[in-house]
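Here is a short tour for anyone opening this structure for the first time. Have a look around, then read on.

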4 protein chains.
Amino acid sequence: MTSAPPQPPAPPARRTYSYLGPAGTFTEAALAQVPEARGGVWKSVRNVAEALEDVVEGRSDAAMIAIENSVDGGVSTAQDALATMPGVRIVGEYLVPVRFVLVGRPGATLDDVSLVAAHPVAYAQCLRWLGRALPAHAHLPAASNVASALELLDGTSGADAAISPPGILEHHDLELLAEDIGDNPNAVTRFVLVARTIAPQPPTGADKTSLIVELPDDHPGALLEMLEQFATRGINLSLLASRPIGDALGRYRFVIDADGHIQDERMADALLGLRRFSPRVIFLGSYPRADRAVVRYPERYSDDIFVEARDWLRGLITGEPGVR
Amino acid sequence: MTSAPPQPPAPPARRTYSYLGPAGTFTEAALAQVPEARGGVWKSVRNVAEALEDVVEGRSDAAMIAIENSVDGGVSTAQDALATMPGVRIVGEYLVPVRFVLVGRPGATLDDVSLVAAHPVAYAQCLRWLGRALPAHAHLPAASNVASALELLDGTSGADAAISPPGILEHHDLELLAEDIGDNPNAVTRFVLVARTIAPQPPTGADKTSLIVELPDDHPGALLEMLEQFATRGINLSLLASRPIGDALGRYRFVIDADGHIQDERMADALLGLRRFSPRVIFLGSYPRADRAVVRYPERYSDDIFVEARDWLRGLITGEPGVR
Amino acid sequence: MTSAPPQPPAPPARRTYSYLGPAGTFTEAALAQVPEARGGVWKSVRNVAEALEDVVEGRSDAAMIAIENSVDGGVSTAQDALATMPGVRIVGEYLVPVRFVLVGRPGATLDDVSLVAAHPVAYAQCLRWLGRALPAHAHLPAASNVASALELLDGTSGADAAISPPGILEHHDLELLAEDIGDNPNAVTRFVLVARTIAPQPPTGADKTSLIVELPDDHPGALLEMLEQFATRGINLSLLASRPIGDALGRYRFVIDADGHIQDERMADALLGLRRFSPRVIFLGSYPRADRAVVRYPERYSDDIFVEARDWLRGLITGEPGVR
Amino acid sequence: MTSAPPQPPAPPARRTYSYLGPAGTFTEAALAQVPEARGGVWKSVRNVAEALEDVVEGRSDAAMIAIENSVDGGVSTAQDALATMPGVRIVGEYLVPVRFVLVGRPGATLDDVSLVAAHPVAYAQCLRWLGRALPAHAHLPAASNVASALELLDGTSGADAAISPPGILEHHDLELLAEDIGDNPNAVTRFVLVARTIAPQPPTGADKTSLIVELPDDHPGALLEMLEQFATRGINLSLLASRPIGDALGRYRFVIDADGHIQDERMADALLGLRRFSPRVIFLGSYPRADRAVVRYPERYSDDIFVEARDWLRGLITGEPGVR
């Protein structure tokens with residue numbers, strides 16, 4: 001029997017990334033910030049649940065989803081999806097400035113506009129401009145800004161104009177009716193890249209840890225006690241959002257971003273405290289912050305202080321002479 | 001000159017109530033729970049801002065608005081409107097069970113349905129049912145469930161069916177395609193009745209106080225300190241929701257419902273503490289709870305304990321013999 | 001009948017001050033710091049209880065008592081006496097450096113000394129020096145250092161030397177055997193001047209408030225909750241000492257010195273909080289600090305913040321337009 | 001060469017116990033409660049420092065010292081000695097009821113008594129009885145009650161009577177002048193048995209842990225933060241006493257007895273927290289409580305909760321599938 005001739009190594013599989021499409025969305029702009037995603041397959045999906053399912057079921061290696069918007073607050077669907085869908089972990093964070101344009105069919109002018117298609121969140125962010133420029137307009141709620149802009153072209157929309165991210169003009173022949181129509185020039189949307197459960201990347205010193213925490217029960221000090229788990233370890237929270245659990249009025253889970261990494265001693269200790277305290281803690285991941293800002297914390301919460309204390313305790317328990 | 005004959009007194013003006021219409025909405029069902037509103041003018045408006053403006057500008061005596069939904073969480077627009085619109089006060093709270101029906105044009109059947117019109121919140125609440133019963137459906141986002149149902153009748157909608165509250169069937173000739181399609185049989189929406197700024201009604205013992213509080217600045221313990229203002233006076237919170245202030249990522253205001261009335265000593269003391277602590281506290285009102293549940297609190301926070309302590313302090317300051 | 005000739009007005013009664021004598025004690029040195037006491041009657045007493053009884057029963061206008069010693073800690077008898085004797089108030093604070101000399105009979109030398117008379121507290125403070133200079137000495141416990149020094153002279157003491165304050169050498173013909181024999185060169189004793197219950201003097205900005213507080217009952221967080229009454233008003237404590245109540249092991253009262261004056265808004269508010277929380281709070285007085293150090297506190301606890309908050313609350317309750 | 005005949009095993013050395021003597025003291029009564037001490041050598045010493053030095057330097061196996069008195073509070077010398085003398089550990093706790101008798105020379109009667117010898121602590125505990133029965137008496141402070149009673153017999157004392165524990169009558173021919181002269185019939189003194197540093201005995205479920213803790217620096221919330229280390233682990237404190245560190249007014253260390261054992265997970269965790277927080281923590285020992293009362297604590301602080309949390313954390317860090 002002759003041996004098979006040596007095979008060339010299989011080319012590495014191209015990695016696949018799911019994102020809320022179509023091309024031109026803010027989510028695509030976020031994905032464009034990921035160096036590893038260049039040259040990969042970009043899979044446009046219709047909603048967050050689909051993006052996360054792609055990851056969980058192995059159709060994609062990662063998914064980019066919007067998680068917080070400085071104007072609208074928590075993107076509730078994404079937060080709820082992360083709370084209820086096991087098997088995923090956040091591996092990166094990306095910020096995209098939120099800028100809106102108003103687009104119409106080729107040749108249209110602002111005077112032609114009476115019905116404006118827009119996702120409710122985008123609509124809310126342009127309300128002051130619309131009130132001034134188009135006081136008599138009506139709103140057609142859309143599931144996607146980019147999609148509703150494209151529907152202007154294919155004739156399936158009754159709207160005269162659509163609110164969209166500027167990126168759409170690179171891809172489609174739409175008329176630019178107005179630029180920078182967002183009410184808040186500093187608006188930013190925060191995205192996270194989500195992969196299947198893996199060990200967290202090593203700490204960079206500028207990390208963030210995302211959690212979802214339920215409170216033990218409806219006793220007055222429960223939230224206070226939860227927050228003390230962080231405060232007593234010198235950990236700052238950059239996000240704390242309440243989301244109803246959904247089974248009864250007044251029951252909440254909390255979406256938390258804490259400064260630091262699960263491999264930082266103080267964060268590990270806080271996680272232990274949370275786990276003992278809470279009926280349900282979900283660790284969403286430790287990953288580098290988008291702004292690369294190094295996490296500052298009081299010296300007394302540094303790793304070596306934790307290590308030294310453990311050595312001391314061990315000495316006490318074994319009765320080591322001189323340790324007390 | 002003869003004097004004019006005596007005029008009969010002008011009939012008392014009928015009170016006017018703004019609500020999110022049209023007839024058949026959950027908001028109308030909430031308004032139907034207000035005894036004083038019977039026989040008044042019910043003014044249907046298109047959104048929360050319009051309802052509140054009616055009150056502020058005197059076109060209405062009060063407005064009914066949805067403020068919290070056990071499934072979807074805070075109704076963000078209403079919370080933000082209350083945070084930014086001065087001159088209003090909550091005077092009552094009402095609960096409406098959330099039940100949904102699927103309606104179509106007369107003669108339609110479930111098999112005819114491929115495009116379903118629904119407000120995104122209602123859509124999210126029926127998602128499991130829709131996934132089972134209409135796996136191939138598409139969603140047409142609507143600004144109002146009732147309005148989109150009516151558009152089935154007048155031919156302006158491309159949808160085949162609409163998700164609506166059951167009340168719509170009393171008013172309009174629509175085909176009932178399915179009942180109780182909501183995923184959570186216990187879903188409830190909480191409404192508040194809002195009037196112009198007036199002195200709060202006297203305490204009933206079963207009251208609630210609504211507030212919006214901003215934190216002083218981004219120091220780690222600020223939220224903890226805010227919550228302690230309540231905890232150290234034995235006050236339970238039935239709602240704590242974070243809402244982004246909107247000027248930058250990571251800045252939040254908190255929407256709070258606290259058990260008790262501003263005229264309860266412990267609540268008045270907590271409000272003083274909050275005011276001293278926070279750069280911005282908005283008192284939205286003290287009003288009877290919808291469930292009429294009497295507020296329980298530790299005896300040590302009762303009114304007479306507060307009054308006795310003030311008497312003691314006064315004795316100390318004046319040097320009254322025997323007081324120490 | 002002739003009227004009696006006009007009488008000259010009675011000379012103002014000289015004020016009387018009780019102090020732990022005899023002449024030469026640290027307590028006398030403290031009394032010498034009181035400007036108003038110059039020219040008054042100085043009444044030497046044998047113990048703290050006698051001094052306080054003089055005040056309560058009107059035999060003296062004020063009493064000087066030692067209240068804290070930097071080496072020995074709380075002078076327990078004085079603290080207990082203040083806790084149990086009603087009708088008195090601290091009106092001033094004085095610091096006396098603690099310096100000790102060793103004295104003997106005229107002509108004696110250090111070599112003659114084998115038995116040293118001293119109050120146990122003074123003895124403890126000179127222990128290191130005694131160990132070095134008189135390694136073979138024995139200790140004769142005395143109720144008073146000055147008295148035991150005088151007993152060297154009148155032959156009633158079997159001791160060879162006594163530990164005394166330096167002041168004794170101004171009054172009596174004793175041999176100075178050694179100076180500055182105290183082990184801690186920075187030792188200071190703190191004294192308070194106590195009068196009958198009167199209204200506190202006006203705030204000076206550099207004031208102290210003395211309290212005795214019992215905890216509600218043996219629940220784990222009671223002390224924590226008590227301390228929060230101060231911390232949440234930005235009040236620093238310069239003294240916190242536990243003293244057993246005496247009815248059972250494990251029951252304590254706390255002796256507290258807090259920075260500030262009862263007429264400071266933050267202190268008044270803290271006192272109200274303590275009174276509501278504790279089964280027993282004793283206000284011992286607000287008085288100028290011995291070191292005249294101006295009390296620093298965060299701006300957010302200043303008087304005008306408290307006043308403004310009360311105005312706001314009043315506006316809310318009366319329904320004043322524009323207040324929210 | 002003939003082998004040496006077999007030697008009988010050396011008899012086990014008799015264990016030596018130091019205690020504050022002479023025979024008849026409360027400390028001897030405490031030592032009599034120690035089963036292992038029966039048949040050992042009981043070494044009478046003159047003070048706490050001597051007793052502890054015996055242990056540290058190997059002259060004794062253990063020392064019995066008084067540590068807390070329900071009437072007088074912390075026995076400061078013992079607490080300070082434990083704080084400053086390394087190499088010792090508390091291994092047991094014993095309670096002795098405090099009962100006093102008044103004794104005189106054989107044949108004496110109460111009418112003969114004008115000068116009463118007594119340790120200041122004992123004197124303070126009999127003050128009410130003395131005030132009633134011997135209103136004109138004077139006090140001769142003594143370093144030891146039993147010693148001053150013996151000095152009545154050998155003629156070295158000028159006193160007419162001495163306050164002593166009842167046990168003295170078993171050993172010496174003294175006249176009993178009065179029984180049960182203590183003012184508090186429930187008075188109890190707490191003793192601890194101290195040995196050289198060894199590994200703590202295994203937990204019994206009814207244990208106590210003794211600590212001395214210094215606060216980091218003079219910031220307002222430091223004591224609060226220290227107490228939270230216990231409260232946040234469900235640990236009750238049965239003793240909290242402040243003792244001046246002695247270098248400056250206002251600087252304290254805290255003597256703490258906490259319910260539980262260093263090998264209880266919650267206590268180990270609290271010790272780690274204390275060590276990280278405090279510039280100086282001294283572990284004095286974990287040992288069975290004198291009252292054998294089983295320590296109760298909330299279920300959420302049980303050992304298995306701690307173990308489970310650590311397993312979870314490990315799973316997160318290694319990226320174990322299904323753990324989140």
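## A first look around

Chain B and chain D do not touch, and their nearest C-alpha atoms sit 13 Å apart. Chain A and chain C are likewise without any contact, with 13 Å between their closest C-alpha atoms. Keep in mind that this is a predicted model. For the complex, the predictor reports an ipTM of 0.83 and a pTM of 0.81. Chain A has a mean pLDDT of 88, with 92% of its residues at 70 or more.

Let's stay with chain A for a moment. Its C-alpha trace spans about 90 × 80 × 35 Å along the principal axes. There are 10 helices and 15 strands in chain A. Of the 324 residues in chain A, 48% are buried. If you take the contacts in chain A between residues at least 6 apart in sequence, 75% of them join residues at least 24 apart.

How is chain A divided into domains? The domain assignment gives domain 1 (16-98 + 188-196), domain 2 (101-178) and domain 3 (207-297). Between the C-alpha centres of domain 1 of chain A and domain 3 of chain A there are 21 Å. Where these two meet, domain 1 of chain A puts in 15 residues and domain 3 of chain A puts in 15 residues. On the domain 1 side of that contact, strand 4 (73-74), helix 3 (76-84) and strand 5 (88-97) of chain A each supply at least two residues. Strand 5 of chain A gives the most to this side, with seven residues. By type, the residues on the domain 1 side split into six nonpolar, five polar and four charged.

Now for some backbone details in the other chains. The table lists residues with a positive phi that are not glycine.

| Residue | Phi | Place |
|---|---|---|
| B:Asp180 | near 45° | loop between strand 10 (175-178) and strand 11 (188-196) of chain B |
| C:Arg292 | about 55° | loop between strand 15 (280-288) and helix 10 of chain C |

Are these two residues buried or exposed? B:Asp180 counts as exposed because it has 12 C-beta neighbours inside 10 Å, and 12 or fewer is the cut-off. C:Arg292 is exposed too, with 9 other C-beta atoms within 10 Å.

Cis peptide bonds turn up as well. One joins C:Gly21 and C:Pro22, with omega about 0°, and C:Pro22 is in the loop between strand 1 (16-20) and helix 1 (26-31) of chain C. In chain D, the bond from D:Gly21 to D:Pro22 is cis, with omega near 5°. D:Pro22 is found in the loop between strand 1 (16-20) and helix 1 (26-31) of chain D.

Back in chain B, take a look at B:Asp61, in the loop between helix 2 (48-56) and strand 3 (62-69) of chain B. Why does B:Asp61 count as buried? B:Asp61 has 20 C-beta neighbours inside 10 Å, and a residue is buried at 20 or more, so B:Asp61 makes the cut. Leaving out residues up to four places away in sequence, B:Asp61 touches B:Arg15, B:Thr16, B:Tyr17 and B:Ala195. B:Arg15 is 46 residues away from B:Asp61 along the chain, yet their C-alpha atoms are separated by 6.1 Å.

Finally, there is helix 10 (residues 303-318) of chain C. At 1.5 Å a residue, its 16 residues should span 22 Å, so the 23 Å between its end C-alpha atoms agrees. Just after helix 10 of chain C, C:Gly319 has a positive phi of about 75°.

Note on methods. Residues are numbered from 1 along each chain as its sequence is written. Chains are lettered from A and ligands numbered from 1 in the order in which they are written. This is a predicted model: local features need pLDDT of at least 70, side-chain atom pairs count only at pLDDT 80 or more; totals for chains, interfaces and linings use all residues. Two residues are in contact if their C-beta atoms, placed from the backbone, lie within 7 Å. pLDDT is the predictor's confidence in each residue, from 0 to 100. Domain bounds come from an automatic or database domain assignment. Helices (H or I, at least four residues) and strands (E, at least two) are DSSP runs, numbered from the N terminus. Ala, Val, Leu, Ile, Met, Phe, Trp, Tyr, Cys and Pro count as nonpolar, Asp, Glu, Lys and Arg as charged, and the others, Gly among them, as polar. The expected span of a helix is 1.5 Å times one less than its number of residues.
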